[in-house]
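Me: I should like to work through a protein model by question and answer. Please reason briefly each time and finish on the value or name requested.

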Amino acid sequence: MPQNSRKKPTIRDVAREADVSIGTVSNALNRPESIHPDTLARVRKAIAHLDFQPSPGARSRRRKSLLPQKSQGDEAIGILLLGERGLTWIMREAPIYAYALHGAEQEATQQGRPCNVLHAQDVAGLRAIWHNIPRGGLILLAGDQAPGFPSDFSLPPIVKIMGLSNTRWGDCCTYSSYGTGRTAAEYLHGEGCQRVGCLSGEQRGVSAVRSQGLDDTLAALGIPVSVKPDRDPFAGWHQPDDEAILADLKSLLKKPKPIDGLFITADLLAPACYRALKKLGIKPGVDVAIVTCNNERPYLADLNPQPAVIDIHAELIGSEAVKLLDWRRSQPDEPRRTLMIEPTLIAPTPH
């Protein structure tokens with residue numbers, strides 16, 4: 001619009017020029033840190049091109065927004081635990097999820113946004129708590145088989161964390177399950193292993209993808225695919241079975257073709273594996289190279305010597321999920337997005 005036009009450009013004109021919503025322009029003016037840098041640059045270019053000047057009232061509101069103020073309902077974030085197990089179980093049994101929630105809460109706190117943790121076991125539970133869901137968005141921690149939201153719900157922005165990449169609820173921030181298996185294979189290959197065993201649960205979901213990443217990478221490195229015992233190492237949900245693990249390791253270490261490398265797909269199984277290896281007279285890290293996965297420190301703290309560990313960066317996932325949620329609030333019409341965090345190896349200290 002020419003600068004000599006009698007009609008002053010409005011926020012609607014800026015939105016049209018930048019090809020964004022009016023709400024996005026408002027956020028760019030009042031909360032630029034919440035806007036994706038590319039979008040922010042586009043809005044600022046439109047403002048400069050149109051010579052847009054916010055009204056005095058808007059400038060006043062922007063000054064006020066820089067001062068401490070009471071949180072508004074549409075600024076709060078909800079952390080929704082969807083499934084049978086709630087916060088008490090997570091804090092006691094599942095450190096990896098607790099790390100992710102801590103990362104999300106830390107990021108929300110740094111942004112000055114309150115963070116409410118809610119739990120619903122099923123759809124009926126969702127309906128019971130839905131009036132408490134913050135309008136600012138949801139960080140969703142749910143199993144990959146959890147039920148979806150009822151079609152009559154008016155949903156805020158949602159970012160699912162952990163588990164398999166899945167955008168059926170909204171955006172997703174997780175780690176590469178396949179990458180954990182790839183990292184394990186590369187480590188064991190570097191240790192000179194020629195026959196690798198894999199100890200995991202039922203071959204579906206995350207466990208199956210981790211095992212597939214291991215096998216594909218071993219094959220690419222010229223090593224036979226991993227040997228997997230027939231027994232399930234779990235006695236029940238999240239309960240290692242010491243007797244089954246002992247039997248599994250006996251079969252994996254049986255001559256004339258014993259394994260010389262072992263991928264434990266979950267830290268939860270590592271203490272039971274070490275107990276079994278001790279009974280069998282096998283020295284971890286000496287007789288068999290070991291790599292485990294998740295970096296759940298409570299399960300690893302007493303292991304001696306320490307195994308190699310694949311860190312899936314759960315706290316970073318929680319933190320990045322909150323940032324992704326902010327991006328979604330400013331870009332409501334963009335296609336659903338998955339942010340994938342690559343795992344890294346923590347090598348054992350030489351002994």
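Me: Does Arg 85 count as buried, partly exposed or exposed?
Reply: The model is a predicted one, and the assignment rests on relative accessible area. Buried means under 20%, exposed means over 50%, and partly exposed lies in between. Because the relative accessibility of Arg 85 is 31%, Arg 85 counts as partly exposed.

Me: With which residue does the side chain of Arg 85 meet in a salt bridge?
Reply: The structure holds ten salt bridges. In one of them the N to O distance is 3.8 Å, against a cut-off of 4 Å. The partner is exposed, with a relative accessible area of 59%. The side chain that meets Arg 85 is that of Glu 84.

Me: How many residues apart in sequence are the parts that Arg 127 and Asp 152 tie together?
Reply: Arg 127 and Asp 152 form a salt bridge whose closest N and O atoms are 3.2 Å apart. Arg 127 lies in helix H7, while Asp 152 lies in the loop between E3 and strand E4, so the pair ties together parts separated in sequence by 25 residues.

Me: Are Asp 171 and Arg 328 buried or exposed?
Reply: The side chains of Asp 171 and Arg 328 meet in a salt bridge at 2.7 Å, N to O. Asp 171 belongs to strand E5 and Arg 328 to helix H13, so this pair ties together parts that are 157 residues apart in sequence. As for their accessibility, both Asp 171 and Arg 328 are buried.

Me: Which helix gives the most to the lining of the largest pocket?
Reply: The largest pocket has a volume of about 1400 Å³. Of the 42 residues that line the pocket, the closest to its centre are Tyr 97, Gly 143, Val 206, Trp 237 and His 238. Elements that each supply at least two lining residues include strand E1, helix H5 and helix H6. The element that gives the most, with four residues, is H9.

Me: How many residues of that lining are nonpolar?
Reply: The lining of the largest pocket can be divided by residue class. Twelve of its residues are polar and nine are charged. The nonpolar residues number 21.

Me: What is the area of the nonpolar surface patch made by Leu 87, Met 91 and Val 117?
Reply: Leu 87, found in helix H5, is partly exposed, with a relative accessible area of 37%. Patch residues need over 30%. Together with Met 91 and Val 117, Leu 87 makes a nonpolar surface patch of about 260 Å².

Me: What phi does Asn 294 have?
Reply: Most residues other than glycine have a negative phi. Asn 294, in strand E10, is buried, with a relative accessible area of 7%. Asn 295, in the loop between E10 and H12, has a positive phi of about 70°. For Asn 294 phi is also positive, at about 120°.

Me: Which residue does a cis peptide bond join to Asn 304?
Reply: Most peptide bonds are trans. The bond from Lys 255 to Pro 256 is cis, with omega near 15°, and Pro 256 is found in the loop between helix H10 and strand E9. Another cis bond, with omega about 0°, follows Asn 304. The residue joined to Asn 304 is Pro 305.

Methods
Residues numbered from 1 in each chain as written. Predicted model: local features only at pLDDT ≥ 70, side-chain atom pairs only at ≥ 80, totals over all residues. Heavy atoms only, no water. 1 Å grid on protein atoms, 1.4 Å probe; cavity = no way out; pocket = protein on both sides within 12 Å on 5 of 7 lines; lining within 4 Å. Points joined across faces, edges and corners; volume = space filled by probe spheres on them. Nonpolar A, V, L, I, M, F, W, Y, C, P; charged D, E, K, R; others polar. Patch = residues over 30% accessible without salt bridge, like charges linked within 9 Å, V, L, I, M, F, W, Y side chains within 5 Å. Areas by Shrake-Rupley, 256 points an atom, 1.4 Å probe, with all protein chains shown as cover. Buried < 20%, exposed > 50% of the residue type's maximum accessible area, 1.4 Å probe, protein only.
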